[in-house]
Amino acid sequence: MNHYSVNTSIPDSRWDAFITQTPTGSFLQRSAWGHFRGQRGWHSARIGLESGGQLVAGAQLLFRSLPLGRSFAYIPRGPVLVDPMDAQVLSSLMEGVHDYCRDEGSLLLAVEPNWAFAGLAKARPPEGGLAESGVERLRAFGFHPSTTHIQPSATIMLDLRPPEEAILGQMHSKWRYNIRLSGRKEVAVRIGGEDDFNLYHHLTETTGQRNEFATRPRGYYQEAWEAFQPDAKLFIAEYDGAPLAAIIVVKSGKTATYLYGASSDEERNRMPNHALQWAAMQWARSEGCEWYDFWGVPPEVPPDGEVEEYGEGGLWGVFRFKRGFGGQVVKYPGAFEYPYSRLGYFLYQQYTARRGEG
């Protein structure tokens, strides 16, 4: 039987190398995300499992303070294992995680694994095929499904490995037309810098007002972008020098993720959003990425992505836009919870209900 040791003092560089080189490692498990969330009321910790001096598994935890000196613990898109099917490694890692959470006074641990359900069509993303067995193991370890999800439970992943013409060829014909139309209508896409975040904030406010949703406070998007440098890019689509739309894309390992986007109400007929996505895909391919993650579609979407009737509002309009670029729907098992105290868990549920979080 292998001997495993728990390491809670792993330097950023070593941790990030492990996360980016492991197929199920998400950008949310990068040290940058932990530092970024640390600016927003959380604090982070990393639990690594080593064998023979090598990391074989790990989990970055985020902690949010609760009343009476307790905390809520959360593993976004984790844990991460070199061999996700190794039940012994997962069990040993979770023992270390539980010990750390108890020492932190956590009432509850929530995990949202980066495991995709099997049965995906054609070339499967690197996370594919793990969810069913992983969910069984989490249940065996005392976790139960949560009714609250923090990260998207469904997304669209686009395979970037084929040639550009093949990628364009599997898009909806209207989307190919719109990409080319944006060029004919003189839309230019450039990569922005820190001086461009005032205009990005203005675009997000415009988008929020148009689509009736709350936007992040000023500074949020720039801080996220700064945390992931040089792996985060701000793409800005302009016409005649005026910004029309912008997106933020984060590269981690072999995956680039379209994380945030915003657009103005002007010149929408020039299709700046199509131009932005295509520019981001081209950049991701040039960086060696194999997958482009559109980051969030309605959870009701079936695995084949074929929907007879679209819903109204919410993510359905976003889904229609993302689906036009092709790719395949990927579904995740959602969130699971492990309470450390039945009474504490009950009180936590009452607390979140009063705050409108549950």
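On helix 1, the face turned away from the buried side carries two exposed residues, Ser13 and Gln21; exposed here means over 50% relative accessible area, buried under 20%, and partly exposed in between, with a 1.4 Å probe and protein chains only. The model is a predicted one, where local features need pLDDT of at least 70 and side-chain atom pairs count only at pLDDT 80 or more, while totals for chains, interfaces and linings use all residues. Residues are numbered from 1 along each chain as its sequence is written, and side-chain values use heavy atoms, with hydrogens and water left out.

Turn helix 1 around, and you meet Trp15, Asp16, Phe18 and Ile19, which are buried within its span of residues 12-21. Looking down the axis, these buried residues fall within an arc of 160°, so they line one face of the helix; the arc is that of the directions from the helix axis to the C-beta atoms. Their cover includes helix 2 (31-38) along with strand 2 (42-51), strand 3 (54-65) and strand 5 (80-81).

Now step back to the whole protein. Its secondary structure comes to eleven helices and 15 strands, taken as DSSP runs numbered from the N terminus, helices being H or I of at least four residues and strands E of at least two. Of its 358 residues, 53% are buried. Among contacts between residues at least 6 apart in sequence, 73% join residues at least 24 apart, a contact being heavy atoms within 4.5 Å. Along the principal axes, the C-alpha atoms fill a box of roughly 60 × 40 × 40 Å.
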